[in-house]
Amino acid sequence: NREHVLREKRRCRSQHVVAIDDRHNQELVRPGDKDHQHGNEVKQPNENGALLLGHWVIGKRVGRLLRSVKEPIILAFSTSSSEAAFPKTMAQLQQFGCRDRIVSFVLPLGYSFNLDGSMMYMTFASLFIAQSYGIDLPFTTQISMLLVLMLTSKGIAGVPRASLVVIAGTLSTFDIPEVGLALLIGIDPLLDMGRSATNVVGNSLATAVISKWENALEDKPAL
């Protein structure tokens, strides 16, 4: 009987402690954190560095810029070719407020030397193939690969599957089996759509930023 009484006392004491902890946790939960009570995580926005730079230079007009080039972005995404969206991108940037002399110089130059989407894809693809074969690349080798891809990606054609040629040359340079490209063939059409759209966004932001720096960005009303 004495042992039974002791067990009951311990059980009551533990239930009392748990009840206090529950009340304490409920007090710590703020009204704006209801998603945590339902088991949902509050996700923080993940902003792109290029968009932040564009917002820093041209201000709130970066949102209107993206809306202006929405059609070229969709065209590049659907055709997997940033070259197909070049004429429409030039017209939309002029309508946005960029002067003709800036657009006609910066945009064609960007299509040869500022293909952000292709550059990022080739870097990630090369590292993916190396990891698939279990090849350990030191940090210095990864930096060297980055520099090589920065040079070899300049002048790349803005047509579908053009990046695979540059990736093949980079893999042979770092003694990575070129046959690993077969791992990308199945998903490359989908990834090509994304990097083509990214190229259009990057070149449009670059043109708007240069126009702002040259005091050649007109404040035209949105249509």
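A residue counts as exposed when its relative accessible area is over 50%. The model shown in these views is predicted.

**View 1. A nonpolar patch lies on the surface.** F139 has a relative accessible area of 62%, so F139 is exposed. This residue is found in helix α9. F139 joins I143, L146, L147 and M150 in a nonpolar patch on the surface. Together these residues have about 460 Å² of accessible area.

**View 2. The whole chain is helical in its secondary structure elements.** The protein chain has 12 helices and zero strands. Buried residues make up 35% of its 223 residues. The chain exposes about 14,100 Å². Carbon and sulfur atoms supply 59% of that area. Among contacts with a separation of 6 or more, 76% join residues 24 or more positions apart.

**View 3. The largest nonpolar core has 21 residues.** Y121, M122, I129, I167, I176, L181 and L184 touch the most other members. Helices α8 (116-132), α9 (139-152) and α10 (162-173) each give two or more residues to this core. Apart from it lies another core, of 17 residues. V62, L93, V103 and V200 are among the members of that other core. In soluble globular proteins, nonpolar side chains tend to be buried together.

**View 4. A close-up centres on I129 and its contacts.** Leaving aside residues up to four places away in sequence, I129 touches I167, L171, I176 and P177. I129 also touches G180, L181 and L184.

**View 5. A salt bridge joins E71 and K88.** The closest N and O atoms of this pair are 3.4 Å apart. E71 lies in helix α5 (residues 70-79) and K88 in helix α6 (residues 86-96), so the bridge ties together parts that are 17 residues apart in sequence. E71 is partly exposed, at 47% relative accessibility. K88 is partly exposed too, with a relative accessible area of 33%.

**View 6. D188, D192 and R195 form a network of salt bridges.** D188 pairs with R195, with the closest N and O atoms 3.4 Å apart. D192 also meets R195 in a salt bridge, at 3.3 Å from N to O. D192 and R195 both lie in helix α12 (residues 188-213). They are three residues apart, about one turn of the helix. D188 and R195 are both buried. The relative accessible area of R195 is 4%. D192 has 2% relative accessibility, so D192 counts as buried as well. The whole structure holds three salt bridges.

Notes. Residues numbered from 1 in each chain as written. Predicted model: local features only at pLDDT ≥ 70, side-chain atom pairs only at ≥ 80, totals over all residues. Heavy atoms only, no water. Core = buried A, V, L, I, M, F, W, Y, C linked by side-chain atoms within 4.5 Å. Buried < 20%, exposed > 50% of the residue type's maximum accessible area, 1.4 Å probe, protein only. Helix = DSSP H or I, 4+ residues; strand = E, 2+ residues; numbered from the N terminus. Contact = heavy atoms within 4.5 Å. Patch = residues over 30% accessible without salt bridge, like charges linked within 9 Å, V, L, I, M, F, W, Y side chains within 5 Å. Areas by Shrake-Rupley, 256 points an atom, 1.4 Å probe, with all protein chains shown as cover. Salt bridge = Lys/Arg side-chain N within 4 Å of Asp/Glu carboxyl O.
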